[in-house]
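Work through the exercises below with the sequence and the 3D structure at hand. Try each task before reading its solution.

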Amino acid sequence: MDRNRSVIIGICGAVISLIVVFTILINLPDKPRESELDKAIKERITPTVIPESRSENEKVLQTLNGNTKYFLQTYYVNANDHENLSETEYIIPSRFVTYTRDELQDYIDGYMENMPLSEYLDGLIDYEIIDFSKNKLVLRKTYASDWNKENEYYLCDEDGEVVVYYNDKKTVYEYTGMKTNDLSDEDRIKIKIGYYVSDEEELYSLLESFSS
């Protein structure tokens, strides 16, 4: 009799334990649902990669070609005898075809560093890209040539001789008979490039220094 009672008590205890455990499990809070943002962060969305073909097309769009319309602007600083700014359309130079903007800028930088003598004498002070695309190219050259009108004379080298012109660079003032090879290196370079002087006093002072 006591044995049966112990078995019954044991069974009842086990049933009660199961009921308690089941009740606890039922009352546990639900696991929060993963938000779309958390999901996106977890998956670490891969950025969109531009296909190689598209990248190549973009490069082509930034390259000049034979059909590119080419305009050259000429700007004169404080000009009185002509328009300050003018623009002329030309056939695009063959050297520019296939140039990118960076390649064109390199060409312009080199042009300014090794400027043709005629451009120097005309007073070129700036050369820049105004507009660049495969359809249209606009460049601008800026000149400050009017500054030399304040000077009265112009010295230059003609066939190895120092010749003095008036500031129009066309009318001869004097053939000096001085040979450029007899000048110092610095003076010879100045004469080769062309040299302005303001008045007669400065002119003869300069010529005297050449002969000394």
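A nonpolar core is a set of buried Ala, Val, Leu, Ile, Met, Phe, Trp, Tyr and Cys residues joined through side-chain atoms within 4.5 Å. Buried here means under 20% relative accessible area. The model is predicted.

**Exercise 1.** Describe the largest nonpolar core and find which elements supply it.

*Solution.* Step 1: the largest nonpolar core has 16 residues. Those with the most contacts inside it are Leu64, Tyr70, Phe96, Leu104, Leu137 and Leu139. Step 2: at least two residues of this core come from each of β1, α4, β3 and β4. Step 3: with four residues, β3 gives the most. Step 4: take Phe96 and leave aside its neighbours within four places in sequence; among its contacts are Leu64, Tyr107 and Tyr127. Step 5: a second core, separate from this one, has 11 residues, including Leu155 and Val164.

**Exercise 2.** Give the strand order of the open four-stranded sheet, and explain why β2 and β3 each have one side without a neighbour.

*Solution.* Step 1: the order is β2-β1-β4-β3, and the pairing is mixed. Step 2: β2 (85-90) and β3 (124-132) are at the edges and have a single partner strand each, so one side of each lacks a neighbour in the sheet. Step 3: on average, neighbouring strands are turned by 20° against each other, direction ignored. Step 4: β1 (residues 69-76) pairs with β2 in the antiparallel sense over six bridges. Phe71 has Glu89 in β2 as its bridge partner.

**Exercise 3.** Locate Asp157 and state what its side chain reaches.

*Solution.* Step 1: Asp157 is in strand β5 (residues 153-158). Step 2: its side chain reaches the backbone nitrogen of Gly160 at 2.9 Å.

Methods. Residues numbered from 1 in each chain as written. Predicted model: local features only at pLDDT ≥ 70, side-chain atom pairs only at ≥ 80, totals over all residues. Heavy atoms only, no water. Pairing = 2+ DSSP bridges. Axes fitted to C-alpha atoms, helices over the stretch in contact; angles between N-to-C directions. Polar contact = N/O pair within 3.5 Å; in protein donor to acceptor, adjacent residues only side chain to side chain. Buried < 20%, exposed > 50% of the residue type's maximum accessible area, 1.4 Å probe, protein only. Contact = heavy atoms within 4.5 Å.
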